[in-house]
Amino acid sequence: MKARNRWLAAVLSLVGIGIGQLYCGRIRRAGALILLYALALLFFDNVFSLSSSVGFYLSFLLFTVIFLIACAVDSWRIARRIESIQIRWFNRWYIYLGLFLVISSLGNLGIRGMETKWRSFYAANESMEPTLTFGERWFAKMAVSPTEPPPRGTVIVLRNPRRPDQDWVRRLIGLPGDTIQLVYGKLYVNGSAAERREIQRTTDGRIQYQEILPSGHSHSIFEYSDGMSTDRTPVFRVPHGHVFVLGDNRDRSKDSRHPELGTVPIANIKGFPEVIYWSGDRKRIGREIH
C-alpha cells in the first residue's frame with residue numbers, strides 16, 4: 001500500500017487527462033475520461049463545421065480548460081478520500097509518460113485540424129490601423145486553396161510571394177484585370193475615384209477618412225498627408241490570377257505599391273480576419289473585422 005498525494009494527483013490530471021485518476025488506481029475512470037476527450041475532439045472537428053463560426057473554435061478551447069479543471073478536481077477528491085492504494089502494474093512512471101504522449105498526440109491532432117479552419121494572428125505593426133491596431137490579436141478563418149478572389153474591400157491574410165515565410169494582412173483593393181492608381185492620396189479603381197469622407201483628425205497628425213470604393217464597400221483609413229511618394233503612383237494593372245492590396249494606414253504600409261510585395265497571387269490568400277479577441281483597448285475586444 002502506498003499513500004496518494006492529492007495535490008500531485010491534481011497536477012497529473014492537468015498535465016494529461018486521466019493520468020491523475022490512474023495515479024489514484026482508477027484505471028476505468030481514466031479510460032472513460034480519455035475516451036470522452038477523444039469523442040469531444042471528433043465532435044468539435046467533424047460534427048460541427050468550424051468554418052461556420054469562430055464560436056466553435058472558442059467553444060473547444062473553453063471545453064478543454066473546463067474539462068482539465070474538472071479532471072484535476074476529481075483526482076484531488078479521489079486521493080483525499082482513499083489516502084492510499086495497492087500499487088498495480090499501471091502505477092509506474094513510464095506508464096504515466098506513455099499515457100501523456102498519447103493524450104498529447106490526440107490534442108495536437110485536434111488543434112492542427114482546427115488550425116486548417118481557424119488560426120490566431122497578431123498585428124505586428126501599424127499598417128492596418130485603424131482596422132487593426134498594433135499588438136492586437138485576432139482570429140482568421142483560413143482559406144482552402146482559393147481559385148477565385150474575394151470581393152473588393154475584403155481584409156485578407158496573405159503569404160508574401162517574395163518572403164514565403166511571412167504572412168501579412170492587407171485589404172484587397174484590385175481584382176484581376178483592374179487598374180489601380182493613387183493621385184494625391186485619392187484612390188482610383190478602373191478610372192473611378194473612391195469617395196473619401198473625413199471623420200476626424202488625431203493628435204499625432206493623422207486624418208481618418210471613410211473610404212467608399214466604387215463597388216460600394218466602405219472602410220476607414222488613415223492618412224498623414226496626400227503629398228508622400230506613395231500617394232502619387234503610376235497606373236497599376238492587376239495581372240490575371242493576382243490581386244492588388246493596400247494597408248489601411250496608407251502612409252505607414254508596405255503593400256502592392258512597393259517592390260517588397262507587389263501584386264499577390266490568388267493562391268497566396270490564406271485566410272480572412274474575423275474577430276479581435278485581445279486588444280490594449282478593451283472596448284475593441286470582440287469587434288468584428290471589416
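This passage looks at one helix, a surface patch and several salt bridges. The structure is a predicted model.

Helix α1 covers residues 6-15, and A9, A10, L12 and S13 are buried in it. Looking down the axis of α1, these buried residues fall within an arc of 160°, so they line one face of the helix. The N-terminal end of α1 is capped by N5, which places a side-chain oxygen 2.8 Å from the backbone nitrogen of W7.

Out on the surface, W93, Y94, L97 and L101 make a nonpolar patch of about 480 Å². Of these residues, L101 lies in helix α5 (residues 93-115) and is partly exposed, with a relative accessible area of 48%.

As for charged pairs, the count comes to 16 salt bridges. One of them joins R152 to D178, with the closest N and O atoms 3.0 Å apart. R152 sits in the loop between β4 (137-142) and β5 (155-159), while D178 sits in the loop between β6 (167-174) and β7 (179-183), so the pair ties together parts that are 26 residues apart in sequence. R152 is partly exposed at 23% relative accessibility, whereas D178 is buried at 6%.

D248 and R171 also form a salt bridge, at 2.8 Å from N to O. Here the link runs between distant parts of the chain, from the loop between β14 (242-246) and β15 (264-265), home to D248, to R171 in strand β6, 77 residues apart. Both D248 and R171 are buried.

R206 and D204 meet in a salt bridge too (3.1 Å, N to O); R206 is buried at 12% relative accessibility, and D204 is partly exposed at 42%. Finally, R119, R159 and D167 are joined into one network by salt bridges that share partners.

Methods. Residues numbered from 1 in each chain as written. Predicted model: local features only at pLDDT ≥ 70, side-chain atom pairs only at ≥ 80, totals over all residues. Heavy atoms only, no water. Buried < 20%, exposed > 50% of the residue type's maximum accessible area, 1.4 Å probe, protein only. Helix = DSSP H or I, 4+ residues; strand = E, 2+ residues; numbered from the N terminus. Arc of directions from axis to C-beta. Polar contact = N/O pair within 3.5 Å; in protein donor to acceptor, adjacent residues only side chain to side chain. Patch = residues over 30% accessible without salt bridge, like charges linked within 9 Å, V, L, I, M, F, W, Y side chains within 5 Å. Areas by Shrake-Rupley, 256 points an atom, 1.4 Å probe, with all protein chains shown as cover. Salt bridge = Lys/Arg side-chain N within 4 Å of Asp/Glu carboxyl O.
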